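Biologist: Let us go through this model together. I will ask, and you reason from the coordinates.

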Amino acid sequence: MRLFVCHACDNIVYFESRNCGHCGHRLGYVPDQQVMRALTPEGECWRVLGDPARLYSFCANARTDACNWLVPAGAAEALCAACRHNGTIPDLSDPARLKAWRDIEDAKHRLIYSLMRWRLPLQTRAEDPEHGLIFHFLADEGERKVMTGHDNGVITIALSEADDILEFSEKVTVITIDAKPKMFGHGDQPGANIAGHLKRRGIPAEVRNVESGARSAALAILEEAKALDADLVVMGGYAHSRLRELVFGGATRELLRNATVPLLMAH
Ligand SMILES: [Zn+2]
Ligand SMILES: [Zn+2]
């Protein structure tokens with residue numbers, strides 16, 4: 001998943017961001033342009049900052065904070081290009097199911113984003129009753145356990161699969177190495193937007209800004225992980241291009257070679 005920028009202030013934001021952590025603007029994803037846009041409210045609708053011709057509404061699933069995609073204002077379809085593939089959704093009056101559904105919606109939105117980027121055919125069940133893509137999100141009912149599976153465009157997802165590895169963590173620490181305010185879109189407090197993103201998912205995280213000094217970035221991460229008595233290091237490699245990693249080696253490769261704690265690479 002690539003990183004996005006808030007076009008109002010150039011701060012880095014995430015695909016799931018609802019607001020910019022730097023300038024505070026409400027953000028929405030425009031699927032046909034594959035961009036995040038900063039918005040200003042206008043009645044029930046939202047206008048793209050600096051592009052007055054574009055007026056949007058949020059997808060109907062934004063009401064339950066399960067979606068941040070936009071639909072053109074006045075469109076007949078209240079659901080966005082990702083959510084109109086939903087068949088069955090769980091009973092949202094149950095807070096645990098609502099939370100699990102939001103997590104799976106994040107993953108489904110990433111899938112639809114990728115299918116759009118690869119220009120793969122993407123028809124709803126209404127458009128193609130035989131092969132259109134439709135998701136059923138089902139919760140276990142008593143003894144009846146739901147299995148995740150797919151059949152001819154019908155995808156069934158068990159809500160029980162929404163458990164997130166980070167949610168089982170006693171403590172999550174976001175470590176930045178030699179990060180300076182504003183560098184690479186860090187904003188005023190490096191790491192704060194990642195911590196905010198985790199908080200939105202109910203995962204309390206604390207930020208530690210570490211200076212590498214004479215150490216390599218990889219060694220600084222490993223020593224910090226040891227000092228924190230960490231069981232797992234989760235590393236996102238998306239800030240560096242693959243080519244750059246190949247040419248320069250990079251902290252990722254050094255970490256993989258020398259890791260003293262289990263590593264989870266997240267791209
Ligand atoms: Zn911003
Ligand atoms: Zn939606």
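Biologist: Where is the place of Arg84?

Modeller: This is a predicted model. Two elements, E7 and H1, frame the answer. Arg84 has its place in the loop between E7 and H1.

Biologist: Is Arg84 buried or exposed?

Modeller: The cut-off for a buried residue is 20 or more other C-beta atoms within 10 Å. Arg84 has 20 other C-beta atoms within 10 Å, so Arg84 is buried.

Biologist: Leaving aside neighbours within four places in sequence, which residues is Arg84 in contact with?

Modeller: Contact here requires C-beta atoms within 7 Å. With the neighbours within four places set aside, the partners of Arg84 are Glu77, Leu79 and Thr124.

Biologist: What separates the C-alpha atoms of Arg84 and Leu133?

Modeller: Along the chain, Arg84 and Leu133 are 49 residues apart. In space, their C-alpha atoms are separated by 9.6 Å.

Biologist: Now the sheet. In what order do the five strands stand?

Modeller: The sheet is open, and its pairing is antiparallel. E3 and E4 pair over five bridges, E5 and E6 over two, and E6 and E7 over three. The order is E3-E4-E5-E6-E7.

Biologist: Which strands stand at the edges?

Modeller: An edge strand here has a single partner, so one side of it is left without a neighbour in the sheet. The two such strands are E3 and E7.

Biologist: Take E6. Which side chains point to one face and are buried?

Modeller: In a regular strand, side chains alternate between the two faces of the sheet. E6 covers residues 55-58, and its side chains alternate. Leu55 and Ser57 point to the other face and are not buried. The buried ones are Tyr56 and Phe58.

Biologist: Which residue of E7 does Phe58 stand opposite?

Modeller: E6 and E7 pair in the antiparallel sense. In E7, the residue opposite Phe58 is Leu70.

Biologist: Which residue takes a positive phi in the hairpin of E5 and E6?

Modeller: Six residues lie between these strands. One of the hairpin's residues has a phi near 75°, and that is Gly50.

Biologist: On to H1. How far does it reach from its first C-alpha to its last?

Modeller: H1 runs over residues 95-117, which makes 23 residues. At 1.5 Å a residue, 33 Å is expected. The helix comes close to that, with a reach of 33 Å.

Biologist: Which strands are included in what covers the buried residues of H1?

Modeller: The buried residues of H1 include Trp101, Ile104 and Ile112. Their cover includes strands E8 and E10.

Conventions
Residues numbered from 1 in each chain as written. Chains lettered and ligands numbered in written order. Predicted model: local features only at pLDDT ≥ 70, side-chain atom pairs only at ≥ 80, totals over all residues. Helix = DSSP H or I, 4+ residues; strand = E, 2+ residues; numbered from the N terminus. Expected span 1.5 Å × (residues − 1). Buried ≥ 20, exposed ≤ 12 C-beta atoms within 10 Å, placed from the backbone. Contact = placed C-beta atoms within 7 Å. Pairing = 2+ DSSP bridges.
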